[in-house]
Amino acid sequence: MTTSTATAVAHPNIAFIKYWGNRDAALRIPENGSISMNLAELETRTRVTFDTSFPMDIFDLNGTRQKGSSYERVLKHLNLLRGIRGISTHAHIFSENNFPTGAGIASSASGFAALTLATIAAMGLELTEIDLSRLARRGSGSACRSIPAGFVEWQKGINDRDSFAFSIAAPEHWNLIDCIAVIEEGPKATGSSEGHQGAATSPYQATRVADSLRRLDICRQAIKARDFAALAEVVELDSSMMHAVMMTSKPPLFYWEPDSIRVIKAVQSWRKLGLPVAATLDAGPNVHILCEAGSEKQVEHKLLNIEGIHQVILCHPGDKAALD
Ligand code: PMV
């Protein structure tokens, strides 16, 4: 019997410029590049153990043995990674999130980033950050952005080799806070993998993609210059453009709930009154409110005064995925 084990920690990320729709769904090569920030306070911790005596692969998520599609998806990724080493040894995977799974806080991003790093290490391999990002992308597109540190750009690329993410600024570069207004903790109705498939059916997708280089440039510059006003404008525009595509796809996807709209409108009114804030939503109803350090307590207090908001999670820029 031979056994080997490794544990990795990865943070989810909030997209400032969103990834929505694939050019190649099997390889998860996106239609457009994207930019995000890792979330320090949230993490997935995954331990992978290979043992020649295991009769099958096991995946435990937050203490529950996984079956069905969640298990199949992880197994598919595990098989891809085992193929690099040419092994068929079974594995036990124990994964825990310290935040609500499947509620639009991108648990798949930190999940597949941590799984990729832990599996590679447990197989005794050491890969470059670029190769880890490329591999994580195959499990969940946004997972490639949870491999590098801080503020991260995913260059869309045209093939498996050149579609990966890299850090454009370290976490210490800018103390931005993501104040997450938690609206629903349950799993979302339509997962993003299914959602990406419908993106091309929206008449607005081509326009969104065609304008993406411009938005990426503005966002990258705003991060480098720590220009909150410029960031706020492009982040809100990009979020609305993605949700316009979602709502006009076949079948239409409405991720916003009435409470989400209440928060979006409140954020707009606070900004008019001079508080620098910006709102963005991924594939779920929770609203991510960005602000600079110093304003987060005020933002949290205001959010908790809005009907329907019972929990706010404050997140600083997070580090890269790392072995534990
Ligand atoms: O990585 P996926 O397939 O879960 O897609 C993520 C999609 C969004 O969260 C809506 C946008 C993004 O860029 O993270």
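How far from an oxygen atom of the ligand does a polar side-chain atom of Ser 142 lie? In this model, that separation is 2.6 Å, a polar contact being defined as a pair of N or O atoms within 3.5 Å, where, within protein, one atom must be able to donate a hydrogen and the other to accept it, and residues adjacent in sequence count only if both atoms are side-chain atoms. The model is predicted, with local features requiring pLDDT of at least 70 and side-chain atom pairs counting only at pLDDT 80 or more, whereas totals for chains, interfaces and linings use all residues. Residues are numbered from 1 along each chain as its sequence is written, and side-chain values use heavy atoms, with hydrogens and water left out.

Two further side chains approach ligand oxygen atoms. An N or O atom in the side chain of Ser 140 is 3.0 Å from an oxygen atom of the ligand, and a polar side-chain atom of His 196 also lies 3.0 Å from a ligand oxygen atom. On its own the ligand has 380 Å² of accessible area, of which the protein covers 96% (Shrake-Rupley method with a 1.4 Å probe; for residues, only the protein chains shown count as cover). The ligand is surrounded by 14 residues, of which Tyr 19, Ser 142, Arg 145, Ser 192 and His 196 come nearest; a residue is near a molecule if one of its heavy atoms lies within 4 Å of it. This shell comprises 5 nonpolar, 6 polar and 3 charged residues (Ala, Val, Leu, Ile, Met, Phe, Trp, Tyr, Cys and Pro count as nonpolar, Asp, Glu, Lys and Arg as charged, and the others, Gly among them, as polar). Domain 1 (3-172) and domain 2 (175-315) each contribute at least three residues to the shell, the domain bounds coming from an automatic or database domain assignment.

Aromatic pairs were assigned to rings of Phe, Tyr and Trp (its six-membered ring) with centres within 6.5 Å, planes under 30 degrees apart counting as stacked, over 60 as edge-to-face and the rest as tilted. The count comes to 2 aromatic pairs by this rule. Tyr 19 and Trp 154 form an edge-to-face pair, at 4.7 Å centre to centre and with 65° between the planes. This pair joins distant parts of the chain, 135 residues apart: Tyr 19 is in the loop between strand 2 (13-17) and strand 3 (22-24), and Trp 154 is in strand 10 (residues 151-155). Helices (H or I, at least four residues) and strands (E, at least two) are DSSP runs, numbered from the N terminus. Tyr 19 is buried, at 8% relative accessible area, and Trp 154 is buried at 0% (buried means under 20%, exposed over 50%, partly exposed in between; 1.4 Å probe, protein chains only). Phe 164 and Phe 166 form an edge-to-face pair with a centre-to-centre distance of 6.4 Å and 65° between the planes. Phe 164 is buried at 13%, whereas Phe 166 is partly exposed at 29%.

Backbone geometry was also examined. Most residues other than glycine have a negative phi, and most peptide bonds are trans. Arg 28, however, has a positive phi of about 55°; Arg 28 lies in the loop between strand 3 and strand 4 (29-30) and is buried at 14%. Arg 226 likewise has a positive phi, near 50°, and is located in the loop between helix 6 (212-225) and helix 7. The peptide bond from Lys 250 to Pro 251 is cis, with omega near 0°, and Pro 251 is found in the loop between helix 7 (228-247) and helix 8 (258-272).
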